[in-house]
Amino acid sequence: MYGGGGGDDIYYDSGDEKDLFDQTDKAEKEKKEDLVGKKEKRYTVLTEDDVRARQAKDTATVADVLSERWFFDERRVRDAVGLPPPADGVTVPAAATNGGASGNLVCAICFERHAAARMRSAGCAHFYCRACWRGYLRAAVEDGGGARCLSLRCPEPSCRAPVARELVDAAAGADDRARYAAFAARSYVEESGGRIKWCPAPGCTHAVELDGGAALAGNAAADVFCDCRHAFCFRCGEEAHRPVTCETVRRWLAKNASDSETANWVLANTKHCPRCRKPIEKNQGCNHMRCRCGHHFCWLCLGPAGGTDHYSCEGQPRQHVKNNAGETSDERKRRQAKASLDRYLHHYERWAANEKSLRVALADMDDLEREGLEVMAAVVGCPPTQLAFLTEAYEQVADGRRVMRWSHAYGYFLDPERDAKKRELFDCLLDHANLALERLHGCAELERKELCEYDGDGDDMDKRLVAYRERLANFTGVTRRYFDNLVKAFESDLPEIFAVNF
């Protein structure tokens with residue numbers, strides 16, 4: 001049992017597989033919403049159209065405020081928005097009356113005369129033809145990027161009049177208008193003060209907005225889930241990483257950047273000699289290995305070799321234990337360096353393996369929503385909407401794999417000596433977490449296939465479907481609560497350990 005300071009106690013069952021799921025009897029009495037309901041979200045996923053709608057609404061609000069202040073301090077409002085000051089006692093000439101008797105105006109760029117109706121200005125006295133405006137806007141969009149085209153001024157160097165969105169929509173070509181609109185939407189998100197952020201997934205055009213201007217306190221993870229199924233931390237922009245902090249993520253990724261290539265090669269191609277712990281690559285031949293230190297061992301089980309049985313061994317690797325008594329200073333340093341590398345490889349391998357499992361779970365969800373639900377609905381004779389419990393189960397599997405993946409970053413930074421007790425509890429909790437996910441995934445995948453392959457009558461199929469739905473919903477709820485407690489424990493750094501039954 002683990003008790004968090006100042007809050008409700010958090011209990012962890014360290015018994016066998018059956019004990020972990022004894023909570024299902026209680027779960028059956030609880031409301032379905034409590035079991036399979038999604039976590040309360042404090043954010044909203046926005047499409048590009050949603051972003052533009054919010055931008056238009058905020059623009060209208062600002063315009064209303066400025067229009068009210070215009071009558072009280074016109075000059076100050078002009079300075080704030082970049083409008084030129086009014087000429088003292090002089091009215092800006094109208095386009096239709098400034099071209100002489102002919103009614104034409106001279107474009108200040110191409111110096112050709114054009115009908116007044118074909119001339120445009122940025123609200124100042126400088127008029128240009130449509131073709132020159134179009135070229136001017138195209139150059140700004142293509143060469144200057146978002147920053148330049150959104151802060152564009154009148155082509156006259158001495159004029160500070162800004163080019164308004166209405167002028168761009170009237171004068172620019174279709175492609176340039178679209179790019180300008182994309183720049184404007186991106187600028188709105190990036191200048192929202194951290195309230196809205198784009199989803200960092202490749203090719204995704206969604207944004208995420210914190211509801212009610214919710215503040216992000218401390219350094220804890222702030223995981224959000226985009227509609228494209230990419231989960232990321234709203235605070236640091238990295239992938240979702242509960243239960244570790246953004247600082248831990250930075251330290252772990254920095255460690256991977258320096259060691260991951262070596263680690264990947266070592267994991268894929270070598271094993272350590274059980275006697276001297278030097279890495280050995282097996283590039284040919286049988287499983288009988290001979291190290292340079294003279295030790296002979298089996299490549300598969302790492303046991304002493306010498307018999308014919310090791311040419312077809314299927315045993316499990318044995319743990320090598322070395323007596324460190326009487327070792328020299330250099331030997332101790334080598335041992336500590338090897339232990340540090342082994343510890344890193346242990347966590348890196350599981351960190352990477354859980355990522356693969358996460359990708360598999362997400363792929364299964366895609367297949368399920370693309371056609372799996374409809375196929376199953378046709379087999380069991382119910383609407384696809386009644387099979388939503390399956391999607392929620394897979395979502396929990398994916399979320400659990402994500403939590404376990406980043407829990408190994410937490411485990412790596414536990415001090416092997418100072419945090420020995422925490423380490424024991426950490427390993428125990430992750431063992432049970434993995435058991436919970438395997439049980440849930442097996443129920444969602446294997447038992448679903450068994451149900452779909454059943455050839456009984458309709459009434460019996462209905463009973464089996466109801467039983468399967470209750471069983472899977474219960475497992476989903478139990479697993480969710482277990483992982484919620486697991487996250488709380490790791491986020492609080494396991495401050496108190498009262499009793500653990502190993």
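Let me start with arginine 464, which in this predicted model lies over the face of tyrosine 454, at 3.9 Å from the ring centre. A second arginine to look at is arginine 405, whose charged end sits over the ring of tryptophan 351, 3.8 Å from the centre of that ring.

Tryptophan 351 leads us on to the aromatic residues, because ring pairs, counted where the centres lie within 6.5 Å, link it with Trp252, Tyr344, Tyr348, Trp406, Tyr412 and Phe413 into a cluster. Across the whole structure, the search finds 15 aromatic pairs, and I would like to go through two of them.

In one of these pairs, tyrosine 128 and tryptophan 133 are arranged edge-to-face, with 5.6 Å from centre to centre and 90 degrees between the planes. Are these two residues buried or exposed? Tyrosine 128 has a relative accessible area of 2% and is therefore buried, and tryptophan 133, at 1% relative accessibility, likewise counts as buried.

The other pair brings us back to the cluster, since tyrosine 412 and phenylalanine 413 both belong to it. Their ring centres are 5.0 Å apart and their planes stand at 75 degrees, which is over the 60 degrees required, so this pair is also edge-to-face. Here the accessibility values fall into two classes: tyrosine 412, at 8%, counts as buried, whereas phenylalanine 413, with a relative accessible area of 27%, is partly exposed.

Let me now turn to the backbone. Most residues other than glycine have a negative phi, and most peptide bonds are trans, so please have a look at the following places.

Phenylalanine 111 has a positive phi, near 60 degrees, although the residue is not a glycine. Where does phenylalanine 111 lie? Phenylalanine 111 is found in the loop that runs between β4, residues 104–106, and β5, residues 113–115, and with a relative accessible area of 62% this residue is exposed.

Aspartate 493 is another residue other than glycine with a positive phi, in this case near 65 degrees. Aspartate 493 lies in the segment after α13, the helix spanning 458–491, and, with a relative accessible area of 34%, this aspartate is partly exposed.

Finally, which two residues does a cis peptide bond join? The bond in question is the one between arginine 242 and proline 243, for which omega is about 10 degrees. Proline 243 itself is found in the loop between β11, residues 231–233, and α9, residues 246–269.

Conventions. Residues numbered from 1 in each chain as written. Predicted model: local features only at pLDDT ≥ 70, side-chain atom pairs only at ≥ 80, totals over all residues. Heavy atoms only, no water. Helix = DSSP H or I, 4+ residues; strand = E, 2+ residues; numbered from the N terminus. Buried < 20%, exposed > 50% of the residue type's maximum accessible area, 1.4 Å probe, protein only. Phe/Tyr/Trp six-rings, centres within 6.5 Å; stacked < 30°, edge-to-face > 60°. Lys NZ or Arg CZ within 6 Å of the ring centre and 35° of its normal.
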